[in-house]
Amino acid sequence: MSTLPEGYRISPVTADDLPRFRHVLELGFGFTGDPDTVATIPFSIAYDRAVAVERPDGEYAAIHGSYEFTMPVPGGAVPCSGLTWVSTRPDERRRGLLNAMIDAHFERSLGRGEPVSALYAAEPAIYGRFGYGSAADDVRLTLPRRAALRDVPGSAALTVRLDTIDAARHDDLVHSLHAAASAHRPGAVTRSTPELRARFLADPPAWRNGAEAQRLLSVHTAEGEPRGYALFRRKEDWGPAGPQNKVTVEEVAALDAAAAHRLWGALLDLDLTGTVESPMLPVDDPLLQLLVEPRRATPRLTDNVWVRLLDLPAALEARRYSAPVDVVLDVTDARLPSNAGRWRLTTRDHDATTGWAASVSRTDDDADVALDVRELGAAYLGGRSLEAYARAGLLEERTPGAVAQTAAAFGWAVAPGCSWVF
């Protein structure tokens, strides 16, 4: 465990501590919260999952929190501790506070029975040294108005409804569709608590950046059953040639290809607009396949969720595998010695839908593949190739052919990714 400076201590956070918790968050991330917004937006972390480093004078020097998630993984799901709001006062940096907070986070997560932790990295260079691996990418597109889409059967039969978002009326529609659309995508955690749900649908003026109130576009069957939605807002802009509003789509969830096609068809044909900016999309999103002229979409690739295995055998047994494998992994883990050493991963039962189950156990047998827990976390959701890490010199093949076999087993047909930043 890391050692804090003399007089500093890890401290729980209560409702009374929220102002100083927020103060460190603002100092660390460099913003000032709008008082009206702060007063109306719920604190979305459970207090027993919020932690601070307290100085001898009683002020907070650093903070973090975590969400209780059930994370979809290939063929299953796993309890996951979603690390968030990690922040250190600028005048308290380089004192080992982050090291101590990460150790506390790992210990608390394991104590709650969460074998995996995940996060979004504000600064990607930081978290690899704590064993987190970049496990997914997302792509964002800037699309011209009326970008053409290929036809999809059933799309024309769906109806479109437009409304201004209202948390009281739209909570169930948005979050139930999001959960259903995310269920089989590795890494796609949902907003599972009332506080998270309310925060996500909140639309205070301070968050609009000069754009309109958030709109809800939903698509429905002839019987009125909702099949998908998009949250978006437009920002008015008039140029020499006329209107060129920008449409910013903040989230899209669709239950099938027809719903995705109908949603994007409507978003790409809004009046008075020039461009449409997509939200974070998984790299295999239907929109990328539907575009007739994909070159006209300007893509930007960004790292998505990062994953850290805290209880290696529990985590590896929670997911399923795409191919049979019997391999001994020699794992290094400088932060959690209980994960280090040689582990035999052997697939057993097979299901046509969920793939191969596996058993993981300690072994003294010679290793086939040697790697760090960081690379294992990166490959955990099935979106990174262990073969690619081997070619980059980031893992070692000790038995010929073992990396290719293991990479095939860890890969997954559905690309990982989460649609919102937690």
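### A buried acid and its partner

Asp103 is buried in this predicted model, with a relative accessibility of 8% (buried is under 20%, exposed over 50% and partly exposed in between, for a 1.4 Å probe on protein chains only). Its partner Arg335 has a relative accessible area of 22% and is partly exposed.

Together, Asp103 and Arg335 form a salt bridge whose closest N and O atoms are 3.0 Å apart. Distant parts of the chain are linked by this pair: Asp103 belongs to helix 3 (residues 97-111), while Arg335 lies in the loop between strand 18 (326-332) and strand 19 (341-351), 232 residues apart. Helices (H or I, at least four residues) and strands (E, at least two) are DSSP runs numbered from the N terminus.

### Two more pairs to look at

Another link across the chain is made by Arg398 and Asp330, a salt bridge with its closest N and O atoms 3.1 Å apart. Here Arg398 sits in the loop between strand 22 (395-397) and helix 12 (402-410), and Asp330 sits in strand 18, 68 residues apart. Arg398 is partly exposed at a relative accessible area of 41%, whereas Asp330 is buried at 19%.

If you turn to Arg95, you will find its side chain meeting that of Glu92 in a salt bridge at 3.1 Å, N to O. Arg95 counts as partly exposed, with 37% relative accessibility, while Glu92 is buried, with a relative accessible area of 5%.

### How many salt bridges in total?

Searching the whole structure gives 34 salt bridges (a side-chain nitrogen of Lys or Arg within 4 Å of a carboxyl oxygen of Asp or Glu). Let us go back to one pair before moving on: Asp330, the partner of Arg398, is buried with a relative accessible area of 19%. Elsewhere, Arg9, Asp17, Arg20 and Glu54 are joined into one network by salt bridges that share partners.

### The annotated span

The unreviewed UniProt entry annotates residues 187-301 as "domain: Eis-like acetyltransferase"; such annotations may be inferred rather than shown by experiment. In the model, 21% of residues 187-301 is helix and 36% is strand. The C-alpha atoms at the two ends of residues 187-301 lie 17 Å apart.

### Reading the values

Residues are numbered from 1 along each chain as its sequence is written, and side-chain values use heavy atoms, without hydrogens and water. As the model is predicted, local features need pLDDT of at least 70 and side-chain atom pairs count only at pLDDT 80 or more, while totals for chains, interfaces and linings use all residues.
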